[in-house]
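Here is a small set of exercises to work through with the model open beside you. Try each task before reading its solution.

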Amino acid sequence: MSSVTITIDGIKISAEEGMTVLQAAQANGLYIPNLCNHPDLRPAGLCRVCVVKQDDWKITISCKLPVKEGMVISTEDPAVQQIRKNTVELLIANHPMTCLTCEADSKCELQRVAHYVGITPDSINRYRRSVRSIPLDTSNPFFDIDHNKCIMCGICVRTCDELQNINAIDYAQRGVASLISTLGNKPIAESRCESCGECVVRCPVAALATKKSLQPMREVRSICSYCGVGCGIHLGVRGDKIVGVRGDQENPVNRGSLCVKGRFGYRFINHPERLTTPLVKKDGVLVEASWDEALDRIVEKFSEHKGEKFAALASARITNEDNYLIQKFTRAVMGTNNIDHCARL
Amino acid sequence: MSFAELQKKARQEWDELQNGDIPQIIVGTATCGRSAGAMAVIKAFEDALKEKGVQAVIVEVGCIGPCYAEPLVNIAKPGKAVIAYRNVTKAMAAELVDSYLIGDDPLPHYTLGTIGEKTVEGIPRILDTPSFKPQERRVFRNCGIIDPTNINHYLANEGYAGLNKALGMTQEAVVDEMKRSGLRGRGGGGFPAGRKWEAGLKAKGSQKYVVCNADEGDPGAFMDRAVIEGDPHSVIEGMIIAGYAIGADTGYIYVRAEYPLAIRRLERAIKQAHEKGFLGKNILGTDFSFDINIFPGAGAFVCGESTALTLSIEGKRGMPRVAPRPRTTEAGLYDKPTLLNNVKTFSSAPMIITRGAEWFASVGTEKSTGTAIFALTGKVNNCGLIEVPMGITLREIIFDIGGGIADGGKFKAVQTGGPSGGCLPEALLDTPIDYDSLDAAGSIMGSGGMVVMDEKTCMVDVARYFLDFTEIESCGQCVPCRLGTKQLLDILKDICKGKGKKKDLELLVELSHSVHGGSVCGLGQTAANPVLSTIRYFRDEYEAHINDKCCPAKVCKPLIAFHILEDKCAGCTLCARSCPVSAISGEKKKVHVIDQKLCVQCGVCMEKCPKKFSAVECVSPKEKIMEVA
């Protein structure tokens with residue numbers, strides 16, 4: 001791939017051919033405000049906030065504009081600023097002013113864009129305010145959908161389509177009535193949604209937000225214990241309790257993605273009924289035992305049942321390496337090919 | 001059968017009908033005629049013919065345009081001029097059979113004029129009447145003349161001659177002819193059709209498509225329907241020629257599902273074209289094959305946008321594709337090179353090939369050749385579909401063809417181009433009709449809607465009306481269009497209610513420019529045109545609403561009040577008896593009074609008050625009542 005040089009607001013930057021202007025700007029640490037763009041997804045060009053002027057001539061959107069050698073881009077042209085500002089003002093005029101209690105507060109892209117383009121109370125007060133009052137969809141056990149906060153960037157729709165191939169949601173209705181909807185506008189829990197939460201983490205506002213939970217005091221980097229994939233996670237910890245999980249962007253295995261269990265299924269860790277020691281059956285009753293006692297018991301019983309009497313069923317919750325060892329152990333030590341695997345979570 | 005033989009046979013059939021011994025009763029039964037009662041008129045003719053034992057053929061044709069004269073019936077008696085009768089009723093049908101078919105009195109007071117070269121004393125030639133004289137019938141060449149369900153009628157009138165000729169030309173020569181004709185896309189955008197065809201030809205790909213946009217969605221525009229219902233083969237022939245020119249083998253007609261008659265006519269025409277060998281494998285013995293599918297529209301205005309339309313055919317949600325994107329001619333339907341044109345553009349193609357580019361360009365202006373079709377409506381005397389040479393002025397259309405303002409009113413504005421167009425004032429009445437002049441004036445050619453408004457029209461209310469439409473019909477994907485049209489509408493609604501603020505005008509203009517510059521597709525980009533053009537030319541009306549709470553046209557109900565003039569009221573009680581909310585009190589022969597708290601400003605009292613008294617007055621702002629009182 002060859003490299004090209006473009007100029008953004010007088011700054012010469014180099015970019016790879018095939019990049020969009022927005023990608024090139026981001027790769028060079030330049031901020032062009034945007035709402036519907038997400039690095040993991042194909043550009044949609046719907047929010048119109050990343051509007052720029054190309055070669056002092058054409059007003060267009062930077063997220064779909066391929067870089068070209070010698071291209072001159074202005075993000076501060078007065079006409080560009082005007083369109084961008086009005087567009088953001090329109091979004092805010094139709095957005096609930098509940099920032100302080102909002103899940104997305106301080107990480108909200110709409111807030112960021114609003115600050116950047118210079119929204120003031122005076123500029124907003126010129127507008128007729130109107131916020132939708134669609135009831136919250138709380139049907140999903142892990143996250144809620146608030147259509148009233150939705151800015152219709154479509155990131156959730158594209159995530160579900162391009163990344164997850166589930167297509168549980170899409171656009172419905174038209175005009176101001178348009179909204180992101182499941183098939184037949186049923187509650188999300190009745191749709192084909194698998195609750196992976198990939199859309200939730202990408203939502204730039206809090207139209208999709210995890211059910212109210214405590215914020216962590218610190219994060220611990222770990223590996224998800226659910227299956228052999230071994231996704232990288234950051235456990236959000238408060239005191240000695242886990243209050244949240246997020247995918248590790250740096251982990252080469254999952255690059256930030258998680259499934260429903262890894263992302264939302266962490267409450268078992270602090271569950272009072274969770275087993276914390278081995279149990280050994282004595283006189284028909286399971287009683288707590290030490291690891292040494294338990295392992296000794298296993299050695300004893302296994303030695304008595306070598307050969308075709310024995311079968312091993314391995315779990316998808318352990319690593320591939322451990323699964324390998326189980327079959328090796330079953331064949332080499334127990335002397336049988338009776339080995340199977342549940343092969344699913 | 002060779003084309004020459006097909007044509008010869010068709011001409012024989014046509015000539016026999018035209019020069020036969022049996023009178024013809026030709027009834028316009030397009031949707032417009034039907035809704036005006038044409039089917040009942042046919043029944044009345046049949047009954048009268050049967051009862052009196054008169055022999056005549058009843059032929060159903062499409063629409064020739066003048067809605068104000070529907071139902072239209074042409075009677076062709078052997079050896080006589082064809083006479084067009086207007087507003088024919090069941091009673092008139094029986095009378096015409098008696099007087100004209102049995103007797104020889106053509107009843108001139110019922111006529112619109114005569115058609116053709118022959119004349120009848122006491123009846124003008126229709127083309128000499130002020131309403132038709134400035135018109136040039138090209139796309140409408142066969143509408144209202146031929147039976148649209150009979151392919152032979154079309155064949156006898158130059159039909160499929162363009163295709164026959166095109167198949168003997170190279171693809172490049174066909175494209176070149178289209179380019180030289182100067183035809184610009186009749187869907188409203190005005191992109192040179194020949195250049196689009198050229199791009200379609202040059203586009204690489206073994207699979208290409210031709211798509212006809214018949215998703216006519218502008219309120220008040222129905223010319224595409226008239227063309228399809230009146231002359232479906234012209235559209236089909238144009239599409240086949242286009243298919244040959246660019247190397248496509250499949251065509252789609254995306255037609256409004258709300259046009260059931262048009263769909264039936266197309267289905268029938270496609271079947272007939274297959275039977276005659278104009279569609280299907282090896283058309284007219286060449287190695288060119290082409291077929292056409294009909295796709296009933298999904299019911300959204302935005303599906304008339306070319307990229308939304310192709311997505312809709314694919315079964316997806318009709319949302320315009322976001323630019324920068326490849327042109328439809330490079331990646332359109334199913335991402336294949338696609339030539340998409342409007343009904344009228346395709347219908348023009350056969351004429352251009354048959355008669356040549358020079359003939360086509362002989363009318364119109366240098367940059368806008370040919371004719372334009374408008375749906376002339378609103379406060380004009382003669383509303384209906386008109387076809388005029390490009391370059392004609394708005395004044396000629398409204399005052400000659402349209403017969404001036406209805407009810408002796410005064411002209412105020414004309415809105416062209418449907419919801420995306422603008423309102424032009426009296427000072428611009430001499431603007432010539434062509435793509436560029438209308439654009440410069442702040443309006444557009446658009447799909448050809450033309451609404452004439454008189455002084456009783458409130459321009460703020462007009463802008464509100466159009467924004468109401470675009471707000472609902474926005475696809476909702478991009479912010480400036482989805483929320484911008486809503487904001488503009490909310491502000492306009494407030495202004496109409498007298499709740500406008502001083503800074504609203506500034507905000508309307510600012511937002512309009514941003515909606516124009518920021519929106520994804522043409523719908524959004526032009527949505528603010530009605531706002532911008534009314535502010536540009538009728539700013540004083542906005543200011544009156546905002547500053548004085550006054551609606552000068554006395555339309556906006558919250559800003560008007562009705563009042564009974566003491567010195568004129570004769571106490572006839574008519575108003576009190578008509579008031580739907582019993583807001584008027586007063587005894588017989590005594591002055592009546594309207595209770596302003598109860599009044600809903602419906603205006604019935606003013607309508608009912610006998611002209612000789614004219615005692616009810618409408619005032620705006622409302623406070624004026626206090627002054628009067």
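**Exercise 1. Unusual backbone angles**

Find out whether A:N165 is buried or exposed, and then place this residue in its chain.

Solution. Start with accessibility: A:N165 has a relative accessible area of 57%, so it is exposed (over 50%; buried is under 20% and partly exposed lies in between, with a 1.4 Å probe and protein chains only). Next, locate A:N165: it sits in the loop between α5 (155-163) and β7 of chain A. Helices (H or I, at least four residues) and strands (E, at least two) are DSSP runs numbered from the N terminus. Finally, check the backbone: phi of A:N165 is positive, about 55°, although the residue is not a glycine.

Now repeat the steps for B:T573. Its phi is also positive, about 70°, and it is not a glycine either. B:T573 belongs to the loop between β15 (561-564) and α22 (574-578) of chain B. With 16% relative accessibility, B:T573 counts as buried.

A note before you go on: this is a predicted model, in which local features need pLDDT of at least 70 and side-chain atom pairs count only at pLDDT 80 or more, while totals for chains, interfaces and linings use all residues. Residues are numbered from 1 along each chain as its sequence is written, chains are lettered from A and ligands numbered from 1 in the order in which they are written, and side-chain values use heavy atoms, leaving out hydrogens and water.

**Exercise 2. Cis peptide bonds**

Locate the cis peptide bond that ends at B:P71 and the one that ends at B:P324.

Solution. Take B:P71 to begin with: the bond from B:E70 has omega near -10°, and B:P71 is in the loop between β2 (57-61) and β3 (73-76) of chain B. Then turn to B:P324: the bond from B:A323 has omega of about -5°, and B:P324 is in the loop between α12 (306-313) and β9 (338-342) of chain B.

**Exercise 3. A serine and its surroundings**

Describe the setting of B:S181 in chain B.

Solution. B:S181 is part of helix α7 (residues 171-181). At 0% relative accessibility, B:S181 is buried. Its side chain reaches the backbone nitrogen of B:L183 at 3.1 Å. Beyond neighbours within four places in sequence, B:S181 is in contact (heavy atoms within 4.5 Å) with residues including B:I352, B:F360 and B:T369.

**Exercise 4. Cysteines**

How many disulfides are there over all chains?

Solution. Apply the rule, a pair of cysteine sulfur atoms within 2.5 Å: the count is 0. For A:C156, the nearest cysteine sulfur, that of A:C153, is 6.1 Å away. A:C156 is buried, at 13% relative accessibility. For B:C556, the closest cysteine sulfur is in B:C458 at 3.7 Å, too far for a bond. B:C556 is likewise buried, at 5%.

**Exercise 5. The two chains together**

How many residues does each of chain A and chain B bring to the contact, and how many salt bridges are counted between them?

Solution. Chain A gives 33 residues and chain B gives 37. Together they bury about 2,900 Å², 56% of it on carbon and sulfur atoms; buried area is the accessible area (1.4 Å probe) that two parts lose on being put together, summed over both. In chain A, the most area is lost by A:R128, A:R174 and A:V176, together 27% of what that side buries. The last step is the charges: there are 4 salt bridges (a side-chain nitrogen of Lys or Arg within 4 Å of a carboxyl oxygen of Asp or Glu). One of them pairs A:R126 with B:E510, whose closest N and O atoms are 2.9 Å apart.

Technical notes:
A polar contact is a pair of N or O atoms within 3.5 Å; within protein, one must be able to donate a hydrogen and the other to accept it, and residues adjacent in sequence count only if both atoms are side-chain atoms.
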